Amino acid sequence: MKRTTRRLATALLVVAVGAVVLVAAGSGSRAKSQVSAGGTYKVGWEQSFGFTDNMDPVGEYLAEGFAIQTSLLDRTLVGYNHVPGAAGNKIVPDIATAVPTPTNGGKTYTFHIKQGVKFGPPVNRQVTSADFLNEMKRLASPKDGQEYGFYYNVIKGFASGKGKTISGISTPNASTIVFNLTQPTGDFLYRMSMGATSPQPAEVTKCFEGQAGKYGNDLISTGPYMIQGIDKVDISDCSKITAASGYDGTSKMILVRNPNYDPKTDSTAARQNFPDEFDFLIDANKDDIYSKVAAGEFQDEISSPPGQVLEKYYTSHSPLLKQYSGDRTWYLTMNLTAPPFDDVHVRKAFNFIMNKNALVQAWGGPAIGKVAHHIVPDTLFNNQLAEYNPFATPGDKGSLSKAKAAMKGSKYDTKGNGTCSASACHNVYLLADTRGQDLKMVPVIEADAKKIGITFKVHSINGAYPTLQTPSKNVPIGERPGWGKDYADPLTFFTPLFDGRNIIPNGNTNYSLVGITPAQCKTLKVKGNCTNVPSVNSQLDKCSVLIGQPRLTCYENLDKYLTGTVVPWVPYLWSTATHIIAPNVTQWSFDQFSGSTGYAHVAVK
Amino acid sequence: MLIYLVRRILWAILVVFVVLFITFLVFFKLPNGDPALRFAGKTPTPAMLDEIHHRLHLDKPWYIEFGYFVKTFATGDQYGWPGLGYSYNSFASVKSQIVYRAPRTLWLIAGAATLWLTFGVAIGVLSAVKRRTLVDRLAMGFALFGISAPVFWLGLIALYIFWRTLHWTAGTGYTPIAQGPGQWFSHMILPWVVLSMLYTAIYARMTRNNLLETLGEDYIRTARAKGLSERRVIFRHGLRASLTPIVTLFGLDVALLVGGAIITESVFNLQGLGWMAINSATQQDLPIVLGVVLCTATAVAFMNLVVDIVYAFLDPRVRYS
């Protein structure tokens with residue numbers, strides 16, 4: 001017995017010692033992350049890229065995708081300097097020689113193309129106006145996966161040509177392209193700064209016709225970097241094209257210098273291009289990402305820092321914590337057709353009673369952002385609405401007296417005491433999500449609403465958007481929504497969120513159903529009160545054609561009208577865009593356009 | 001035996017088919033939203049959604065789509081046989097994704113299974129043989145700890161101690177064995193140990209209990225009375241009989257881990273099949289989900305078959321006809 005157990009114990013010991021020896025051998029050969037001059041800028045990306053179209057410019061709609069494309073890979077006629085604040089929203093020439101001034105009453109834009117801008121390998125040729133037209137045709141073709149093609153419907157013949165022809169675009173020569181619009185469009189240059197308008201070579205894109213997104217694996221570069229291995233891809237025949245080795249869509253995207261990029265055709269204000277390589281690496285473990293950033297193994301992250309990590313950097317005022325306006329509003333949405341929110345008195349009272357400060361705390365407090373008082377973030381209005389707060393309460397903590405005063409006159413205030421006392425006010429369906437902040441917000445919303453007589457039946461769904469986006473679900477109030485700009489123009493908030501003509505049965509983003517008509521209600525199976533739902537369609541049409549300050553003023557007035565008179569939302573948070581960077585990052589910039597890192601200006605030791 | 005094997009294989013194919021059918025049904029019928037919305041941008045139009053439905057083959061009733069899936073599987077697709085299609089998100093073929101990620105999961109399982117089987121059975125035997133001694137108590141204390149400690153916690157603690165503090169291991173991520181066995185081992189040792197902890201504990205307890213029960217049997221007393229050495233009594237007669245339930249459990253555990261080592265794969269950033277499955281499920285990437293389900297179901301069916309065959313060798317009373 002003794003001999004048996006001794007042998008067993010000895011065997012276990014030998015195995016354990018062997019394992020330790022092997023571990024030591026492994027750690028001894030482990031390459032440490034050494035960053036040389038130029039270096040590699042590594043970004044830890046949590047869980048999955050989440051690209052909406054695999055980086056194919058036609059359909060890529062993820063902010064991080066915008067950041068990578070416009071800073072590093074794809075140049076456009078006009079673009080940005082990839083810096084923070086108002087300067088980062090200013091349109092500058094990129095491949096175009098200058099930012100054009102519209103002619104023909106604001107309906108014609110003529111761009112002249114710089115000489116010397118070339119496609120990267122394996123295409124290796126000068127970019128011409130035909131390459132822009134080619135991409136616009138791809139953008140007009142629904143089969144190629146357009147996701148924001150609607151922005152270009154103002155170009156004559158854009159939608160009707162189905163991607164075969166676009167009558168409103170002409171290319172009189174290889175270095176000139178002219179856009180003719182159906183109406184003056186104040187933000188057209190912003191639209192032309194989007195990645196989807198970048199030139200793409202027909203000799204390659206023709207191989208991906210009707211295969212939305214697949215081109216992303218072989219994206220041809222015009223920017224300072226290209227996908228690693230793209231130079232090895234054989235484009236002589238469509239059947240020979242394979243995905244470039246540097247991007248697999250699921251775990252890594254490696255960008256290396258594009259040998260055909262000529263910095264003389266660009267400006268250092270827009271792109272400085274310090275690192276030799278960018279590695280975007282998927283990491284399944286958020287804690288791991290921030291550990292590696294702190295250790296300098298990753299230089300940057302695309303994730304959301306855990307509370308304790310953010311607090312550590314925030315409270316110590318660490319220079320490694322970078323926070324800028326995220327140009328994103330988070331809000332509670334009230335359905336204008338669903339009782340009791342079909343009554344503006346209730347909606348106003350709900351705004352007054354809500355402790356917005358507590359809602360922001362539920363997200364993590366001031367480190368996450370600041371209390372929102374209206375629809376569009378102040379940065380997009382150049383802070384001209386900074387003082388506007390129609391539902392102001394002390395400390396943004398809500399006011400029962402103001403709420404009760406607002407409730408008076410409501411058809412649901414049956415007792416006349418300033419509370420919502422009708423049966424419609426009880427067990428109202430509240431749609432919530434299940435993220436950490438949602439779980440903390442719901443009790444706040446419930447407690448505040450109860451003060452004015454509204455009680456909820458909470459439905460928490462992991463992924464609440466699909467339900468919220470279906471008008472036939474008749475959701476009276478949703479806790480989940482947030483909205484960010486596509487580019488620095490208020491139109492990107494108002495048109496998708498409040499245009500009654502855009503309400504659709506599935507994927508609808510006008511959650512409050514502003515402007516819905518009785519006929520639409522019937523078609524969309526909306527069961528609520530559809531008579532006299534306020535509409536802002538005419539204001540939207542009026543603002544969209546304006547340019548400059550008149551445009552801004554128009555949208556500011558619309559914001560005021562919606563926030564204070566229509567009251568479809570309880571806006572509560574303007575969130576910041578947060579990045580934590582490594583100590584060995586020697587230069588870092590925020591790109592206001594994409595709301596992410598300005599990769600064009602980063603540098604690493 | 002041959003007829004038995006053929007029958008079992010046919011049953012296994014049927015089981016896998018039914019599992020895939022249910023997965024398909026769940027994907028299409030549960031109210032988790034329209035996958036096309038992911039590719040339609042922030043402000044979709046009905047025409048855009050129709051186009052995407054058509055592109056993703058979501059525009060027909062689910063049973064017809066399932067028919068297409070079975071047909072493509074059987075006849076192959078542009079990526080060869082079996083036809084598993086391509087990911088909605090990365091546009092990479094499902095097969096290439098599985099081939100890319102499977103080694104990570106299989107190495108994880110192989111290493112962890114080796115550890116837990118070796119240490120679990122050894123500790124169990126030691127504990128049974130040294131019943132009611134300090135060794136037994138320590139072993140069972142370890143078992144209790146192993147069962148109680150959550151994998152994610154153990155993983156984070158292990159990383160903190162052995163990677164961040166002592167610098168003994170290479171930390172998170174995966175390095176293929178072809179790029180250096182030392183690096184590969186250094187990346188895998190912590191996941192192996194952490195994943196095996198729970199199973200080691202379970203196997204130790206199970207082995208101890210089974211062995212104690214077996215050692216009380218009449219034929220063990222007879223073996224001892226015949227003058228056999230204690231080593232022979234324990235290993236030849238006692239342990240062999242005690243192992244049959246262990247083998248059953250081992251087969252199932254290994255098979256289930258093919259798609260189920262999600263936490264370990266996430267904590268150690270291995271990005272294997274389990275991680276891919278959960279990621280794809282949240283992104284409604286049906287082809288990838290189906291691919292992983294297919295792998296897992298096949299693994300379960302295969303391991304069941306292996307277990308049944310091993311049974312016959314371990315227990316001479318079991319015979320197949």
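Okay, let's start on chain B, with helix 6, residues 151–165: this helix gives the most to a nonpolar patch, six residues in all. Keep in mind that what we're looking at is a predicted model.

So who's in that patch? On the surface you've got F145(B), F152(B), W153(B), L156(B), I157(B), Y160(B), I161(B), L166(B), W168(B) and I263(B), and together they show about 940 Å² of accessible area. If you want one to click on, try Y160(B), which sits in helix 6 of chain B.

Right, now the interface. How many residues of chain A are in contact with chain B? It's 58, and they meet 57 residues of chain B. Putting numbers on the area, about 4700 Å² is buried between chain A and chain B, and carbon and sulfur atoms give 57% of that.

On the charged side, the rule finds one salt bridge across this interface. That's R164(B) with E297(A), side chain to side chain, at 3.4 Å from N to O. For polar contacts between the two chains, the count is 14 residue pairs, with both residues at pLDDT 80 or more.

And which elements give two or more residues to the chain A side? Those are helix 1 (2–28), strand 9 (277–283), helix 7 (286–294) and strand 16 (482–484) of chain A. Helix 1 of chain A gives the most there, with eleven residues. Break that side of chain A down by class and you get 21 nonpolar, 23 polar and 14 charged residues.

That's my tour; over to you for questions.

Terms used
Residues are numbered from 1 along each chain as its sequence is written. Chains are lettered from A and ligands numbered from 1 in the order in which they are written. This is a predicted model: local features need pLDDT of at least 70, side-chain atom pairs count only at pLDDT 80 or more; totals for chains, interfaces and linings use all residues. Side-chain values use heavy atoms; hydrogens and water are left out. Contact means heavy atoms within 4.5 Å. Buried area is the accessible area (1.4 Å probe) that two parts lose on being put together, summed over both. A salt bridge is a side-chain nitrogen of Lys or Arg within 4 Å of a carboxyl oxygen of Asp or Glu. A polar contact is a pair of N or O atoms within 3.5 Å; within protein, one must be able to donate a hydrogen and the other to accept it, and residues adjacent in sequence count only if both atoms are side-chain atoms. Helices (H or I, at least four residues) and strands (E, at least two) are DSSP runs, numbered from the N terminus. Ala, Val, Leu, Ile, Met, Phe, Trp, Tyr, Cys and Pro count as nonpolar, Asp, Glu, Lys and Arg as charged, and the others, Gly among them, as polar. Patches are made of residues with over 30% relative accessible area and no salt bridge: like charges are joined within 9 Å, nonpolar side chains (Val, Leu, Ile, Met, Phe, Trp, Tyr) within 5 Å. Accessible areas come from the Shrake-Rupley method with a 1.4 Å probe; for residues, only the protein chains shown count as cover.
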